[in-house]
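I opened my notebook to look up how the strands in this structure are arranged. My plan was to go strand by strand.

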Amino acid sequence: MSFQSLGLSAELLRAVSEQNYTQPTPVQSQAIPVILEGRDIMAGAQTGTGKTAGFTLPLLHRLSAQMSTKKHRPVRALILTPTRELAAQVSDSVRTYGKYVPLKSAVVFGGVNINPQIDKLRRGVDIVVATPGRLLDLVNQGALDLSQIEILVLDEADRMLDMGFLPDIRRVLALLPAQRQNMLFSATFSNEIKKLAGGLLNSPALIEVERRSAAAESVAQTVIPVDRQRKSELLSHMIGAKNWKQVLVFTRTKHGANRLSEQLTRDGLSATAIHGNKTQAARMRALADFKKGKARILVATDIAARGLDIDQLPHVVNFDLPNVPEDYVHRIGRTGRAGNEGKAISLVCVDEHHLLRSIENLLKREIPKVVIPSYEPDPSIKAEPIPNGRNNRGGKQAQRAGYAKRHGQPGAGGGQRKSSQGQGPGGGRGRGGSGSAGAGNSSGPSRRRSSPQRRRQPA
Ligand code: AMP
């Protein structure tokens, strides 16, 4: 199938061909014609499948086919994303694919000054890409009117629920006109997602593309047994000895990410870390350095890495195994994209054997184990409980009530959610600063759903 046969306008096809895309990905060839018809869709697609172009191209087509004649252009399309990074990436895609259509877009998220966003909106935009918290702040400040929205996209809806955004999503939905086209993209379809979809979508077309757990089969996976104290030494050794150029390394906690990136730097390897305790600017810089090849190693936590569009990574390393097996699948999906060979390496110490078993159960196969000479695990070392382990997922991560609930963890009660220092890219209120925007500085998982500001929001 070609892009030409999908029914997109010449302006959009021109922008697509400039990206050197030769043919639509499966989610694109399924979603684009249906969206062009104006139907609602519910799509099971993850980052890396081309889903962003899958909804952006037909959205741009529909909006540009019927340009508003009003003097002050109303906002006609809203794309909601769970994280600032994803919002920035989607916004880049809107600009890239919309290069030859006369539509304006704005991206709004917390953690940065709200005033330039207000100015931009006041000048008139057709499309807003947003994280939920900042979006509501802008609405509450009278800078944004959502009553003319024609198209709504919820991107990575499962992540939004995991991160506790459901109340905000409901608030946003209440501000939209009843007549509109809705699209919901989600990697997983939990009962919560199905419930949200049930109330949101009108006889949607269901689109399911290959899941990562299946795609993961094409990634060469290896487990390297090693003692917990020797992991960073082994990692430096492997990166140096094999001359790996671009490595994404996952750690379980943000402190672990910092520690490891500092250690790698001390070992003479250029490394940078990305996690929720860093400012938005620092995270963007770290990602840019990594993409440009200035930093050879990017150390990330699961949530910070979520939705990051890093193409064709040759190597993904699990420095720690994730507590949740599905996160393993997300992590290794970062490599071997679009038919490129990828390697996923997991450094596994004795403490993590139970986590490895859960992952292998999910994959329904054993991951090959390779022992590196002179790094053989010492059999006398006994397993120890993992700090910030299963019942205390990264400490504050456990406070993501939706997450805990979905994964059957104890302590999922909302009463725990009182930290200001979340693990995710939304960052924390403490870090983001204060100001009249109030809660608006936080658009990530750590936002206090029950903060006084929030309670004053329209229900
Ligand atoms: P996404 O799943 O939307 O995050 O997209 C993942 C990556 O695939 C992005 O870097 C896109 O630029 C790229 N991409 C999207 N559509 C295509 C296509 N049809 N052919 C090749 N690459 C694509």
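My entries on the strands follow.

**Entry 1: the open sheet.** I noted to begin with that I am working from a predicted model. I looked up a sheet and found that it is open and built from 7 strands. I wrote down their order as 3-4-2-5-6-1-7, with parallel pairing. Which are the edge strands? They are strand 3 (105–108) and strand 7 (205–208), and each one pairs on one side only. I also checked the twist, which averages 10° from one strand to the next.

**Entry 2: one pair inside that order.** I picked strand 2 (residues 77–80) and strand 4 (residues 127–130). They run parallel and are joined by 4 bridges. I found Ala 77 opposite Ile 127 of strand 4.

**Entry 3: strand 11 and its partners.** Next I turned to strand 11 (residues 297–300). How many bridges join strand 9 to strand 11? I found 4, and strand 9 (residues 247–250) runs parallel to strand 11. Here Val 247 stands opposite Ile 297. Strand 10 (residues 271–274) also pairs with strand 11 in the parallel sense, over 4 bridges. I listed Ile 274 as the bridge partner of Ala 300. I then followed the chain from strand 10 through helix 13 (residues 280–292) to strand 11. This β-α-β crossover is right-handed.

**Entry 4: the faces of strand 11.** Are its residues buried or exposed? Ile 297 and Val 299 are buried on one side of strand 11. Leu 298 and Ala 300 are buried on the other. I recorded both faces as covered.

Note on methods. Residues are numbered from 1 along each chain as its sequence is written. This is a predicted model: local features need pLDDT of at least 70, side-chain atom pairs count only at pLDDT 80 or more; totals for chains, interfaces and linings use all residues. Side-chain values use heavy atoms; hydrogens and water are left out. Two strands pair if DSSP finds at least two bridges between them. Helices (H or I, at least four residues) and strands (E, at least two) are DSSP runs, numbered from the N terminus. Axes are lines fitted to C-alpha atoms, for helices over the stretch in contact, and angles run from 0 to 180 degrees between N-to-C directions. Buried means under 20% relative accessible area, exposed over 50%, partly exposed in between (1.4 Å probe, protein chains only). A crossover is right-handed if, with the strands pointing away from the viewer, the path from the first strand over the helix to the second runs clockwise.
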